[in-house]
Amino acid sequence: MKYSLSCSRFSLPLLLLVLLGTLSVASAQEEYAAVKKWESFNFTERTITPADLGKLEIDDLKLVRGIVFGKHGRVFKDPDIRRFLESRSWYKAAADFDNAKLNDTERRNLDVIRIAEAQKHDTVQPGDMRLYTTRTLTIKKLGRHTPAEWTVLSAEVEAIHGKRFEDTGWLQQYFDERYWYRAADKYDPKSLTEIERKNLQLIESVRKKQRRVALSPGDMELFENKLITEAMLRGVSLHELRLLRNEIYARHGRIFRTDWLGQYFSSQPWYDPKEDFKDEEISGDDKTNIETIVKYEGKLHDQISKRPITRALLEGLFLEDVKKMREEIYARHGKVFKDPWTQKYFASLDWYKPDPNYSDASLSAVEKRNLVVIAGYEKKAVTAMSTIEG
C-alpha cells in the first residue's frame, strides 16, 4: 500500500492517523498470532493434551484460557485477557456468565491449560495447587505473596477436596467462582495426601515469616505448656484472635455451637470432640493464654471504638480483614447487615445485639474518624479477589 504526502484528499495529521491505525491492526495480529488457531478450536467437543500446548508461552496460555471462557461471554478483570477478547469479532460479553455454562470437555481442557500455566510459573500462584497434590513444594518455589494470596494458596489445598469456608464469606465466594470447585457435603481433612499436608504446613510457615507475625491459627499446640505474650499477638487480626482463643478450647475437645467455628475446627486433623468437656477444665498456662488473648481482643475493640486508629494497627491486614474491622464498628451499635455472610458472622458473636432502628447518629466522633482511616487504608489494601481468574 502506497501513500503520497502530497495527496490532496488527506491532511497530514489524518494521514498519520491512517498509518498508525494500519500499524496498530498489524501489530495486534502479530501479537496474537500464536493463539490464532485456538480461536477456531472446538473446546466443547474436542480434547487437548499437554503436548498440544507445549510451544506456547505463559502469556499465550493465559489467552487460550480466555478463549474457552470467552466463547461463553465471560468478562475478565485481567487486563490482558480482557483486551484480547474485546479485540475479537466473535466475542460477545455476557454479564450473566457463570461456570455452569461450561461442559465437562471444556472443564477438562481448562485443567490441561491451567496445569500448563502452573508448570511455567517461576513461583506458585493462586490456582496452581492442583499441580502440587503429588508434588512437594519448596520455599524457593513458594516465593513471596500478598497476605490475600497466602490465604488463597493455603485454602486452595483443602478447597480441591471440597472444603467450605463458612467463616470467611469472601473466600467462599472466591472458590465458588472457580470452574473446578465442588463443595463437599462433609469435608474430610483425611482426604489430603501426605504431600498436601506437608505443602500446607510449609505454606503456613513461610506465610507467617513473611507476614512477620509470631502466631497464627493452628499454632496453639506449641503453647500448651508455655505462655504467650501480648507482643506475640501484634499484627494478628480480630478474626484470627477468635480462632486462636477458641483453638485452646478445641484442643481439649470442646464442641462448638457456633456453626462457622464448628466447621473450622472439624476440618482440623487434630480435633477430637468430647461430649463431656466443660470449659471449667481449662487451667494453668492454657487458661492464662486465653486471658491474654481476650485482653488483647478487648484492647483492639477499645482502640477501634474509643481511640484513634493508627496505620500500625492496620499494617499486615488485607482488604477483607480491614473491611471486617470497619463493619465491627457498626456491629457494636447493632447495625443489621444486608449481606448474609456479614450478618451471619456477627450474629455468631455473643456481644452482637441487632438493632433494627440503628442509625449512624449513634457513632461517636472517634468511631467516625476511625471509619475514615480504615476506608483510606481499604483503597490501598490488596484484595484477595485480585488473584488469578479461572
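**Exercise 1. Burial of one residue**

Decide whether Asp219 is buried or exposed.

Solution. Asp219 has a relative accessible area of 13%. Buried means under 20% relative accessible area, exposed means over 50%, and partly exposed lies in between, with a 1.4 Å probe and protein chains only. Asp219 is therefore buried.

The structure is a predicted model, in which local features need pLDDT of at least 70 and side-chain atom pairs count only at pLDDT 80 or more, while totals for chains, interfaces and linings use all residues. Residues are numbered from 1 along each chain as its sequence is written, and side-chain values use heavy atoms, with hydrogens and water left out.

**Exercise 2. The chain as a whole**

State how many helices and strands the protein chain has, and what share of its residues is buried.

Solution. Step one is the count of elements: the protein chain has 15 helices and zero strands. Helices (H or I, at least four residues) and strands (E, at least two) are DSSP runs, numbered from the N terminus. Step two is burial: of the 390 residues in the protein chain, 47% are buried. Step three is contacts, meaning heavy atoms within 4.5 Å. Of the contacts in the protein chain between residues at least 6 apart in sequence, 63% join residues at least 24 apart. Step four is surface: the protein chain has an accessible surface of about 21000 Å², and 52% of this belongs to carbon and sulfur atoms. Accessible areas come from the Shrake-Rupley method with a 1.4 Å probe, and for residues only the protein chains shown count as cover.

**Exercise 3. Salt bridges**

Find which side chain meets Asp219 in a salt bridge, and where each partner sits.

Solution. A salt bridge is a side-chain nitrogen of Lys or Arg within 4 Å of a carboxyl oxygen of Asp or Glu. Asp219 meets Lys208 at 2.8 Å, N to O. This pair links distant parts of the chain, 11 residues apart: Lys208 is in helix H8 (194-211), and Asp219 is in the loop between H8 and helix H9 (238-250).

Now do the step again for Lys299: which side chain is its partner in a salt bridge? The partner is Glu230, again at 2.8 Å, N to O. Here the two lie 69 residues apart, with Lys299 in helix H11 (residues 284-306) and Glu230 in the loop between H8 and H9. Lys299 is partly exposed at 34% relative accessibility, and Glu230 is partly exposed at 26%. Elsewhere, salt bridges that share partners join Arg65, Arg114, Glu117 and Asp128 into one network.

A further salt bridge joins Lys101 and Asp96 at 3.5 Å, N to O. Lys101 is partly exposed at 35%, whereas Asp96 is exposed at 55%. The full count is 20 salt bridges.

**Exercise 4. The pockets**

Describe the largest pocket by its volume, its lining and the elements that supply the lining.

Solution. On a 1 Å grid over the protein atoms alone, a pocket is an open set of points with protein on both sides within 12 Å along at least five of seven lines; a cavity is a set of points where a 1.4 Å probe fits but cannot get out; lining residues have an atom within 4 Å of a point. Grid points are joined across faces, edges and corners, and a volume is the space filled by probe spheres set on the points.

1. The largest pocket holds about 1100 Å³ of space.
2. Its lining has 42 residues, and nearest its centre lie Ser154, Glu204, Pro217, Tyr264 and Gln268.
3. Two or more lining residues come from each of helix H6 (147-159), helix H7 (169-176), H8, H9, helix H10 (259-266) and helix H13 (319-331).
4. H8 gives the most, with eight residues.
5. By class, the lining has 14 nonpolar, 12 polar and 16 charged residues. Ala, Val, Leu, Ile, Met, Phe, Trp, Tyr, Cys and Pro count as nonpolar, Asp, Glu, Lys and Arg as charged, and the others, Gly among them, as polar.

The second largest pocket holds about 620 Å³. It is lined by 24 residues, and the closest to its centre are Arg245, Asn246, Arg254, Leu261 and Asp350. H9, H10 and H11 are the elements that give two or more residues to this lining.

**Exercise 5. The cavities**

State how many cavities of 30 Å³ or more the structure holds, and describe the largest.

Solution. There are two such cavities. The largest cavity has a volume of about 70 Å³. Its lining has 10 residues, with Leu238, His239, Asp321, Lys324 and Met325 closest to its centre. H13 gives the most to this lining, with four residues.
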